[in-house]
Amino acid sequence: MPILLFLIDTSASMNQRTDLGTSYLDIAKGLWRDPASPGDRDMLVYLLPNPPYCIQAGWKENHATFMSELKNLQASGLTTLGQALRSSFDLLNLNRLISGIDNYGQGRNPFFLEPSILITITDGNKLTSTASVQEELHLPLNSPLPGSELTKEPFRWDQRLFALVLRLPGVACTEPEQLGSVPTDESAITQMCEVTGGRSYCVRTQRMLNQCLESLVQKVQSGVVINFEKTGPDPLPVGEDGLMDSSRPSNSFAAQPWHSCHKLIYVRPNSKTGVPVGHWPIPESFWPDQNLPSLPPRTSHPVVRFSCIDCEPMVIDKLPFDKYELEPSPLTQYILERKSPHTCWQVFVTSSGKYNELGYPFGYLKASTTLTCVNLFVMPYNYPVLLPLLDDLFKVHKLKPNLKWRQAFDSYLKTLPPYYLLPLKKALRMMGAPNLISDNLDCGLSYSVISYLKKLSQQVVLVKTNKQKSFALRSAFPYSLV
């Protein structure tokens, strides 16, 4: 189950009253009416007027503790949202270096995830501190969390921020309520929500609030956010008969909404184990080199570039691949409208290869046969070269390759980032060809980087232990409950 972290604004402006006589803070408290389900992992965070920014109740506490702390919240002081958000993300990230879930320098595995939904409930007023009033939301850059410099942003690709911005009037409105979807808010938190793959809601009525809650329930999905960016020219337009129409202009140079999309890919759990399972990573945006003294910081969301050149989807018997459905977006709509379920668009990560800037394809985007969704297929790196080789290995050479085949396979391995060797060796073993890759696998990282990552894990264990020892409700430590 995803982690749900509730960040409640307890600044003095949350005491303002609605036309029903209830305060905004009362509305925030009233969102929890029923006991949490056994699978829920809820945390409650609230904003204090000055540091420290406390965690009130965490997922290790029972529901009664959660509700008690919620009931006792009072609104006073300033709106210190930036620091509270930073503390919340740090709280969620504390365990990640111990578990190795981010797999720094070794590719990004969508199936290694701890999906988290941060839900902020605020009135959207100006962000205030003892020193100034801020027009924009800024998260502090410095973090006490070891290893925080390995990612450029404070959040990760499986963490999304949503904001319920309460704008309910203090006087009853006499005009009939406009029906429709809930718009985004114009406050400073909206941009931060969108950057993480979430969104804000401008709540003006009780009906809108109920709509938002229903929407948030739908947003609690297991997945990771990816930046999809077009590379190269637009495809030729498709005519009404579903065939390419070269007589119509393609508008390659005009920016279109589908050219760049910042959306989730759903990572479904295995039906038997309840845990996501996968084989292949999304490549890093650099080539691992044993001479690198440190890892370059990665962006939270990988930039996956797609080429609009129609290709044939490639699969061979027994070679595993990973399949992820894309969240609906202008990109999925555009692909589905082309009605071409038997072709695909290859995907790349810039600078992932050693010998070319764009890198080699690691998979493809393809519409489902029924044209109901678009899927990202993740394959072995540079799969257009590997798959014909493996096909020949089994069908032509009968697992007894000649010198020419071995030379071609060795040439392919030189294009492969070192962190692909282990999953490829595992896949070949599953296919019945266990001895094609040496057991002396090289991860591609320098000794100093490997030592640093191990040291970070030990430091985080120490931080976690100290926080747990000093934990008490309303503790001065923002990480007490991890």
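Q: Which residues of helix α10 (residues 421-431) are buried?
A: This is a predicted model: local features need pLDDT of at least 70, side-chain atom pairs count only at pLDDT 80 or more, and totals for chains, interfaces and linings use all residues. Numbering runs from 1 along each chain as its sequence is written, and side-chain values use heavy atoms, without hydrogens or water. Helices (H or I, at least four residues) and strands (E, at least two) are DSSP runs numbered from the N terminus; buried means under 20% relative accessible area, exposed over 50%, partly exposed in between (1.4 Å probe, protein chains only). In α10, the buried residues are Leu 421, Pro 423, Leu 424, Lys 425, Ala 427, Leu 428 and Met 431.

Q: Which helices are included in what covers the buried residues of α10?
A: Contact means heavy atoms within 4.5 Å. The cover over these buried residues includes α8 (383-395) and α9 (403-414).

Q: Why does α8 count as roughly antiparallel to α9?
A: Axes are lines fitted to C-alpha atoms, for helices over the stretch in contact, and angles run from 0 to 180 degrees between N-to-C directions. Angles over 145 degrees count as roughly antiparallel, under 35 as roughly parallel, 65 to 115 as roughly perpendicular and the rest as oblique. The α8 and α9 axes lie 10 Å apart, at an angle of about 155 degrees. So α8 is roughly antiparallel to α9.

Q: How many nonpolar residues does the contact of α8 with α9 have?
A: Val 385, Leu 386, Leu 389, Asp 392 and Leu 393 in α8 meet Trp 405, Ala 408, Phe 409 and Tyr 412 in α9. Ala, Val, Leu, Ile, Met, Phe, Trp, Tyr, Cys and Pro count as nonpolar, Asp, Glu, Lys and Arg as charged, and the others, Gly among them, as polar. The contact has one charged residue and no polar ones, and its nonpolar residues number eight.

Q: In what order do the seven strands close into a barrel?
A: Two strands pair if DSSP finds at least two bridges between them. Pairing in this barrel is mixed. The strand order is β9-β10-β12-β15-β14-β13-β11.

Q: Which β12 side chains point to one face and are buried?
A: In a regular strand, side chains alternate between the two faces of the sheet. Along β12, Lys 323 and Glu 325 point to one face and are not buried. Pointing to the other face, and buried, are Asp 322, Tyr 324 and Leu 326.

Q: Which residue in β15 stands opposite Glu 325?
A: β12 and β15 run antiparallel, joined by four bridges. Tyr 266 has Glu 325 as its bridge partner in β12. In β15, Glu 325 faces Asn 375.
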